Amino acid sequence: MNTRNAYKIRASRSSGRNRTAPVSMAQGNKVGNIPALDNDLSSGYIAPVCDSMPERNCRHPLTNMRQNAHLARCEESITNRFYSITSVLKHLGNIQHNENFVALANDITSKELDFNFPLQSLESAWINGLDMKLLYSKSIFNAINSSVNQFSEDLGRNEDSKVDTHSFFLDCGYHSVDITPCSDGRLKGLSKYIFRLPLSAITIRNSYAGALLNVESNVRDWEKIELSRLRNPSSGSSASRYLKIVVYHRSSSDPLHQGCAAHGSNDKLAAEAGLEKLTEFHSAIDNTYSCGSQIDLLLIGVDTDNDSIRIHIPDSNGELSIHRFVDTADLYNETLNLNSDQARVALFNSIDKSSDMSGWGKGEGKPSEGMRKVISNLLEYNLSQIEYVADLYGGSYPDLGHAEQFISVGDGFQEIQLRNIAYYAHLDTVEEGSADLDIGIKIFSGLNIKKGLPIPIAIHYRYDSKVPGSRARVVQKSKRVMAAILNRYKELAVGNNLFFQLSVQDLPLGSDLEIIDKEEL
Ligand code: ZN
């Protein structure tokens, strides 16, 4: 059974399955049946109380139910596109020698996958059988493209929240938020689900294996932002700052095996490496431009079992420590019985308490007011995600490890943000991104090659239509990257185990996805 299918999980819940408390949270609070998220909204339903404490409502007071319901629908529509592929292909395999196979196949794929395979690939099935590797890859690429198109259609409906986010960060004193997570697929839903930050003009996101960011490339991103700010003063006051966030990850239930592969599944190493990269980035800008004071740093750890986060609290000098943090898994429990106002105060107090700690994590005072506001909001938003994972997955994901569907190479699809949907290797050349790609290929050797499935690789770059010749150069770059991947992993290529889709897209969010067809290749 596909245990990640939100609909099935909600259906099983409504048929009598008990919800269990989030892992490492709310221990001992066995909760009764929770209805579908949508029902909570439409009927004004009050969540069932805990069996052990009947007077208590077990929804966290800061949960955004409307947003959770919306995200559940997004997740379901995207996962359905990917997770029905293998069962459809098995069905086609069973009927491929039927007399009217082509018509039957078209009927099935129209209904189940919402597209048809090229006629040629079906018509020759009676001779050599279906080319399952080709059909599998085509289905994955079609699921990617449909998901991107769905995002673009939804984009207009979320304009308000984008504007709110932009205003919020400007109010806190930040004109740009630059996030570097690990490229692990379990962080693919970071912005949309775990942080609840809508994509907007002020956010940049580039992933690297182990969150080991390329300092030079990140400095170039910063230079670009600062130059455009000089030319466009309305994008933030002269005193506003640049917020750089590095996100590492860990697994609380299987820390020695399901943590970050790039750091040998060692939480401490992952956090230390993230802190080191932040320091290098800061020093690079301070040494080159003498304006390190205009950059704030934040280190965040994600528990990929339940999406709770650990925010490392900067001191008054902006210094971070791997030992000084606030963890939303603890906060969830501590604030579950409070009302929303009390819970918000508790979030703020937790930051102060962390700032006052002694011992290994001792720092020099509290962070700035703007930084405290950013942190308290991230903490609050993440509580909704903890509730989301509790509702849909009983508090911990069934797929603790890797379950990605494709490797995303290049600029990545900002439009597809969902846990474990893709392994993302951000790179301009295969040479510089070889470490990230090697890890991705290793992951997919276990996920796909072992089962006889190929590795679908979606190479995707964005171009700037304002710059003459930009699209043509980006298409050429995509082709170079594909050739270099084929060359680096010759054995897989010879075995017909690598399939590619090349696509480009104009810079503005929601631009059309342009597939590079055979004529352009
Ligand atoms: Zn990782």
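**A walk through a predicted model: cysteines, rings and a buried strand**

Cys172 is buried, since its relative accessible area is 7%, and the cut-off for that word is a relative accessible area under 20%. The structure shown above is a predicted model, so what follows describes computed geometry in that model. Cys182 also counts as buried, at a relative accessibility of 5%. A reader who meets these cysteines may ask how many disulfides a search of the whole structure finds. The search finds zero disulfides, and for Cys182 the model shows another role for the sulfur atom, as a ligand of a metal ion.

That ion is zinc, and the atoms that coordinate it are SG of Cys182, NE2 of His249 and SG of Cys260, at distances of 2.1 to 2.2 Å. Along the sequence, these donor residues follow the spacing C-x66-H-x10-C. His249 belongs to strand β3, which covers residues 241–250, whereas Cys260 is found in the loop between β3 and α12 (267–289), so this pair ties together parts that lie eleven residues apart in sequence. Are these two donors buried or exposed? His249 has a relative accessible area of 1% and is therefore buried, and Cys260, with a relative accessible area of 3%, is buried as well.

From the metal site we can turn to the aromatic side chains, for which a search of the whole structure finds eight pairs. One of them joins Phe168 and Phe169, whose ring centres are 5.3 Å apart and whose planes meet at 65°, so the pair is edge-to-face; the cut-off for this class is an angle over 60 degrees. Phe168 counts as buried at a relative accessibility of 18%, and Phe169 is buried with a relative accessible area of 2%. Tyr393 and Tyr397 form an aromatic pair that is tilted, with 5.0 Å from centre to centre and 50° between the planes. Both tyrosines lie within the buried class, Tyr393 at a relative accessibility of 8% and Tyr397 at 5%. Elsewhere, ring pairs link Phe82, Phe406 and Phe413 into a cluster.

Aromatic rings also take part in contacts with charged side chains. Lys188 lies over the face of Tyr424, at 5.9 Å from the centre of the ring, and the charged end of Lys244 sits over the ring of Phe281, 5.5 Å from the ring centre.

The last stop is strand β9, which runs over residues 455–463. How many of the nine residues of β9 are buried? Nine of the nine are, so the strand is largely enclosed by the rest of the structure. Its side chains divide into two sets: Ile455, Ile457, Ile459, Tyr461 and Tyr463 point one way, Pro456, Ala458, His460 and Arg462 point the other way, and the residues on both sides are all buried.

Which strands pair with β9? One partner is β7 (residues 406–410), which pairs with β9 in the parallel sense over four bridges, and here Ile407 has Ile457 of β9 as its bridge partner. Another partner is β10 (residues 498–506), and the pairing of β9 with β10 is again in the parallel sense, over nine bridges. Within that pairing, Tyr461 stands opposite Val504 of β10. Ile457 and Tyr461, the residues of β9 named in these bridges, both belong to the set that points one way from the strand.

Definitions and conventions
Residues numbered from 1 in each chain as written. Predicted model: local features only at pLDDT ≥ 70, side-chain atom pairs only at ≥ 80, totals over all residues. Heavy atoms only, no water. Donors = N, O, S within 2.8 Å, 3.2 Å for Na, K, Ca; no water. Buried < 20%, exposed > 50% of the residue type's maximum accessible area, 1.4 Å probe, protein only. Disulfide = S-S within 2.5 Å. Phe/Tyr/Trp six-rings, centres within 6.5 Å; stacked < 30°, edge-to-face > 60°. Lys NZ or Arg CZ within 6 Å of the ring centre and 35° of its normal. Pairing = 2+ DSSP bridges.
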